[in-house]
Every structure is written in C-alpha cells, then in structure tokens.
Amino acid sequence: MSAARNPIPESNARVADAPSGNWVYRVLPRALWPHAQLARWDRPIGWQLLMWPCFWSAALAANVASSPTNVDTVWFPALTLWHLFLFMTGAIAMRGAGCTWNDLVDHKIDAKVARTRSRPLPSRRISKGAATAFLVIQALVGLLVLIQFNWFSILLGIASLGIVAIYPFAKRFTDWPQFFLGLAFSWGALMGWAAVFAELAWPPLLLYAGAIAWTIGYDTIYAHQDKEDDALVGVRSTARLFGDNTKIWLVVFYGIFTAMAAAAFILTSVSWPAFAGLAVAVIMLAWQIRVIDIDDADQCLKLFKANSHVGLIVFLGLCAALLV
C-alpha cells in the first residue's frame, strides 16, 4: 500500500522503540504494520528469550535420551530437530499472542508512557476488535504447534495459559511482575523435557527455576527504561522496587540461574561442554552487572537484548555435550 493511499504519515506508523530498518517495514504492506507491531515481529528479542528455555530443555533431554546408560528411551536426532522447529514456531506465535493480549489489557496505561504510546492500540492505528481477532489467529497457530507433541506435553502447555492471562495484571497488584513473566517465559524449560519423556523430573524443574531467575534479572534491566513513567502512572516493577540496589539483586538472580542450571546438568551427567557453555554465559551475565547504568535507558535496552546471546551460548554448550 502506498503512502498516498494511507492517511497515517510514515513517522506515525512506527513504534518508538522498534528499529525502523526492520524487515516488517521493508516487506509487509503498511496495512499489516499494526498487526506486526502488536506481535512484536519488529522486535525478535522477545520470542528468542521465550525460545531459549525450550531449546535448553530439549537439548538436555536429548543428552539424557542418547546416553548409553539409558535403556528406556529411543532417541532420534531428527526428532529433536523437529521439536526445535516446533518450539521456535510456537515461541513466535505465543509471544505474539501474549504481547497482543498485554496491549489489549494495557492500552490505556501505554498511552501515558512515552516509550509505548506509539503502539498500535494507544495510537488508534488498529481497533480492539481487530487486535482480538489477531490474538485468536496467533493462539490457533500456537495450538496447532502444541498438538504435535504427546498428550502430557499438550496438557502441560495448556496449563501455562493461566499464567499468561494473569501477567498483564501483575504490575497492578505486585512489585514483582517480572516473577510472573518468568513463570510464563520459562515454561519451555519444562516443555522440552516433556516432549521427549512425557513426564517431568528434577532436572527440568531445576532448569525452570533457573530460567525464572534469569528472566527476573534481564526484565528488571528492561524495566529501568520506564521507571519514571511507571512511577507517574502507578505501574509497579522490580526496577522501581530494587532501585539503586539493582546490581545486588542481579547478582542474586543471575546466581540462582547459575546454581539451578548447574544442578540440572549435574543430575543428568551431561559432559563437560555443557558446563563450559554455562561458564561463558555466567561471564556474560557478570559483565552485564559490572557495566550497567540503570539511568541510561539505551544501555539498559542493549544489555537486555544481550541475553539472547546468553541463551544461545547455553544451548550451544548442551549441543556440544551431545556430540561429545
């Protein structure tokens, strides 16, 4: 659709905190920009952070299933690759659905915050009805992905929807909305294991706990971008709660992540590359803590995005362990 046929100026059709050179604005017709912005297709960091716990759990399960000491599970590499594809697709769909739901719930608050008032709903570039229809379509894609797994995994995936539904309201009743985000965003740490073994065990539960702590850490960094506006409109967050003590709390939560992931690796007897990958990830997290300036919004966003590299390194360590 050409600019001449669209009454919305190009400068008003973008979202303030999204990169203007993203593929969304080069490939999609302008009429679909609001939908892509609702789903955050122009900001892939969200689905990446949702995906990594799935990938960790799937790779950890593959290490256990391929072990010579395991006589109960037949492991096929192609099956693991198929699961990874499904988890990536599901992460994109469900992150988009979750963001759309979040924007529907928060559109009045978003209109009062500088970073979010340009989003499609508060800027009235899409109606609530159209946004709801788009939410349903994304959820159906997520359901189509989910039913490719075993029944235990399907029920486990459905169980996560309650947390997803509650999350947008958490900032209204607790200083710990990042904890609720962690519960939702880390659910894949359970799903990867369940997809292979059709049950849960201590390793995925420990990995889940660690991923929750990791999420609280990186989303606290993210929330420091909005702390002044949040204070004005009454939105609560761990960034406001921790304040100048943020570095100390990051040490706590990133430390919990490290301990829980290491414990999961020890219980499954994965080989040394998994621990080497975790060690590199810990160094990256320590660097975040060392350099963070909680009053520099641009730096906070960069450090938040750097956590996708952390997730990748942990996953590559588990893959290398599988090969060894």
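Helices in this description are DSSP runs of H or I with at least four residues, numbered from the N terminus. On that basis, Arg 40 is placed in the loop between α2 and α3. The structure is a predicted model, and the account below concerns its salt bridges and two residues with positive phi.

Side chains of opposite charge can pair when their charged atoms come close. A search of the whole structure returned eight salt bridges. Among them is the pair formed by Asp 103 and Arg 40, whose side chains meet with an N to O distance of 2.8 Å. This pair links distant parts of the chain, 63 residues apart: Asp 103 belongs to helix α4 (residues 77-110), while Arg 40 sits in the loop between α2 (33-38) and α3 (45-65). Both partners, Asp 103 and Arg 40, are buried.

Arg 40 also has an unusual entry in its backbone description, with phi near 65°, a positive value in a residue other than glycine. The relative accessible area of Arg 40 is 5%. Because buried means under 20% relative accessible area, Arg 40 is assigned to the buried class.

A further salt bridge joins Asp 110 and Arg 119, with the closest N and O atoms 3.7 Å apart. Asp 110 has a relative accessible area of 6% and is therefore buried. Arg 119 is likewise buried, with a relative accessible area of 6%. These two residues do not stand apart from the pair described above: Arg 40, Asp 103, Asp 110 and Arg 119 are linked in a network of salt bridges.

Another salt bridge is made by the side chains of Arg 236 and Asp 175, at 3.0 Å from N to O. Arg 236 lies in the loop between α11 (227-233) and α12 (238-242), and Asp 175 in the loop between α7 (161-173) and α8 (177-185), so this pair ties together parts of the chain 61 residues apart in sequence. Neither partner falls in the buried class: Arg 236 counts as partly exposed at 28% relative accessibility, and Asp 175 counts as partly exposed at 26%.

Positive phi was also found at Ala 198, where the angle is about 55° although the residue is not a glycine. Ala 198 is located in the loop between α9 (188-197) and α10 (202-223). With a relative accessibility of 38%, Ala 198 counts as partly exposed, whereas Arg 40 is buried.

Technical notes. Residues are numbered from 1 along each chain as its sequence is written. This is a predicted model: local features need pLDDT of at least 70, side-chain atom pairs count only at pLDDT 80 or more; totals for chains, interfaces and linings use all residues. Side-chain values use heavy atoms; hydrogens and water are left out. A salt bridge is a side-chain nitrogen of Lys or Arg within 4 Å of a carboxyl oxygen of Asp or Glu. Helices (H or I, at least four residues) and strands (E, at least two) are DSSP runs, numbered from the N terminus. Buried means under 20% relative accessible area, exposed over 50%, partly exposed in between (1.4 Å probe, protein chains only).
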